[in-house]
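Biologist: Before we discuss any detail, I should like each term to be justified. Please show me the model, and then begin with the vocabulary.

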Amino acid sequence: MESYKNLLLLIVLGCGVLQSCAMRAEVYDNNNETCLYADMELQFTIKYETSDKNMSTSSFLLPSNVSTTGSTCGDNTTAPLLKLDFGDGHSFTVNFTHNQTVYHVDVITFVYNTNDSLIFPNASAKGVFTVASKVTMPDLPMDDYYKCVNPEFLIINNVTMKFSNVSVQAYIKDGNVSKQAFECDADTPTTLAPNVTTHAPNVTTHAPNVTTGAPITTPVPTPIPKPETGNYLVKTGNVTCLLADMGLQLNFSTTKNQSGWKVINIVPNDTLTSGTCGIDTSSLKLQENQMMVELVFAVKNSTKFYLNGVNVSISGQFADSNNSLEYWEASIGSSYMCNKNQNFKITDNLFLTTLDLRVQPFNVTDNKFSTAQQCPLDDNSLLIPIIVGAALAGLILIVVIAYVIGRRKTYVGYQTL
C-alpha cells in the first residue's frame, strides 16, 4: 500500500513511472540570459503525525514542472536565490553566497503544506511548515559548476532530502553554463591500496550508488556547544503562572544575504527572567547582558496554546522578530514537552534551537507542570509493537525447535528380533 501511494504521488506530481523525474530550472537576468542553473533529482521523505496519533511517512520527488518565480540572479550586494514552487503550497529554496573568487550554497530551506491531503493524508497538524539548514560544503571556483552524481543527504528534524545527479551553477557569466565541473566527494573513486590482493592488481574499484561522502549539510542552528538547560518561571504576585525548562540557542545572521551566521547559547545562571501572564497571551523574557529573548504564547480556540512570537535583540548587533508563529502546540491545562533537539525558523535571519524543552504558559497549579503532551520526535509508541512482534517471533521459534527435537526423540523405528 505504501509503495502504491508513493507511485501515485510520482504520477500526480509530474514524474512518469519509468523516468527519473529530474528537475531542470534556469533563472534569467534582465537581458534574458541564464544567470543561475540547476539540474537535479531530489526526493523528500517526511514523517508526520496522523489524526489517530500514529506516525506516518510521506515520500515524493521534486517534480519537473516547478515555478522559479521569486528566484533572483543577485548582484554585488544581493546573493543569488533559487526558489522552486511546486504542488499545493510546497517550495524548495537555495541561497548562495560568494566572495571575489569562490562561491557556495549557504542555506537550504524547504516549505511543505500538510493541507495537501494527497501527500499528507489524515495529517493531524494542518498548515505550512518550514525547515532550514546552513550548508557546509567546499568553496567552488566562480567559473565552475557543482556536480554530484551519487546520492547526498540532508536531514532536518522529521525531513530527509536525498539529492542525486546534481548540477548547479550560480554567478553564470554571459549566459553560458560552465563546462568545468567541481565534483563532490561522493563521486571520488576509491583506489585499493597496493598491498591488497585482487584478481587484477592496482585496479580502481567503485561502489555504485553508495554515498561515500559525509552529509552535505549540518542542520541550522548547530548545537555546538550544547546549550545548558535552564529552569524559568514567571509569577503574578506570589503565584507562579508560567513554567519553562529548556536549553536555548540562537543562530542568527546580520547580513541580508543570510551569510556569516553566529551562534549564542543562553546561559541560565547569567540570565534575568521576567514576563507576563494573561488569559489569552503570556510571555517569557530572558535577559543576559545586552541580549534579550522574548517568547510569546497565545491561546487558540480556547482549547490549545502555542508559541506565537519570538523577539530577539542584541544591542548594537542584531534585532529581529516574528509574531505569527505556530509552534509548541498543546492543550490548555497541560504542558508541551520535547526532549530531543528541535530547530525552528523564526525569520530568514534567525533560527532557534531547543533542548530538553518543557513549557506551560497557562493554568499552572501548585508550581508544577501538568501532564505533558509530547512532540512527535519523542514518540516511542512504535517501540511497543516492535517488542511484541519480536517476542512472538521468538516464542514461535522456540515452539518449532521443541517440536523438531521431540520428533527426533520419539521416532525409533523397528528393531530386529
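Modeller: Helices (H or I, at least four residues) and strands (E, at least two) are DSSP runs, numbered from the N terminus. On that basis the protein has two helices and 28 strands. The model is predicted: local features require pLDDT of at least 70 and side-chain atom pairs pLDDT 80 or more, whereas totals for chains, interfaces and linings use all residues. Residues are numbered from 1 along each chain as its sequence is written, and side-chain values use heavy atoms, without hydrogens or water.

Biologist: Where is Ser58 placed, and why is Ser58 called buried?

Modeller: Ser58 belongs to strand β3, which covers residues 55–61. A residue is buried under 20% relative accessible area, exposed over 50%, and partly exposed in between (1.4 Å probe, protein chains only). Ser58 has a relative accessible area of 0%, and therefore counts as buried. Across the 417 residues of the protein, 42% count as buried.

Biologist: What makes the approach of the Ser58 side chain to the backbone oxygen of Ile119 a polar contact?

Modeller: The distance from the Ser58 side chain to that oxygen of Ile119 is 2.8 Å. A polar contact is a pair of N or O atoms within 3.5 Å; within protein, one must be able to donate a hydrogen and the other to accept it, and residues adjacent in sequence count only if both atoms are side-chain atoms. The value of 2.8 Å is within that limit, so the pair qualifies.

Biologist: How do you know that Asp39 and Arg24 form a salt bridge?

Modeller: A salt bridge needs a side-chain nitrogen of Lys or Arg within 4 Å of a carboxyl oxygen of Asp or Glu. The closest N and O atoms of Asp39 and Arg24 are 3.0 Å apart, so the criterion is met. Asp39 is in strand β2 and Arg24 in strand β1 (residues 23–28), so the pair ties together parts 15 residues apart in sequence. Asp39 counts as buried at 14% relative accessibility, while Arg24 counts as exposed at 55%. The whole structure has seven salt bridges.

Biologist: What separates the partners of the salt bridge between Glu326 and Lys300, and which parts of the chain do they link?

Modeller: Their closest N and O atoms are 3.2 Å apart. Glu326 is in the loop between β23 (318–322) and β24 (327–331) and Lys300 is in strand β21 (residues 291–300), so that distant parts of the chain, 26 residues apart, are linked. Glu326 is partly exposed at 49%, and Lys300 is partly exposed at 22%.

Biologist: Why are Lys345 and Asp348 placed in two classes of exposure?

Modeller: These two residues form a salt bridge at 2.7 Å between the closest N and O atoms. Lys345 has a relative accessible area of 17% and is therefore buried, whereas Asp348 has 45% and is therefore partly exposed. Elsewhere, shared partners join Lys300, Glu326 and Glu329 into one salt-bridge network.

Biologist: What makes a group of residues a nonpolar core?

Modeller: Such a core is a set of buried Ala, Val, Leu, Ile, Met, Phe, Trp, Tyr and Cys residues joined through side-chain atoms within 4.5 Å. In soluble globular proteins, nonpolar side chains tend to be buried together. The largest core here has 47 residues, among which Phe92, Phe96, Phe110 and Met161 touch the most other members. Strand β2 (residues 34–49) contributes the most to this core, with eight residues. A second, separate core of 36 residues includes Ala244, Ile266, Phe318 and Val359.

Biologist: Which residues does Met161 contact beyond four places in sequence?

Modeller: Contact means heavy atoms within 4.5 Å. The partners of Met161 include Leu42, Phe44, Phe92, Phe110 and Val131.

Biologist: What is unusual enough about Tyr171 and Trp328 to be listed?

Modeller: Tyr171 has a positive phi of about 60° although it is not a glycine, and Trp328 likewise has a positive phi of about 60° without being a glycine. Tyr171 lies in the loop between β11 (159–169) and β12 (181–183), and counts as buried at 14%. Trp328 is in strand β24, and is buried at 3%.
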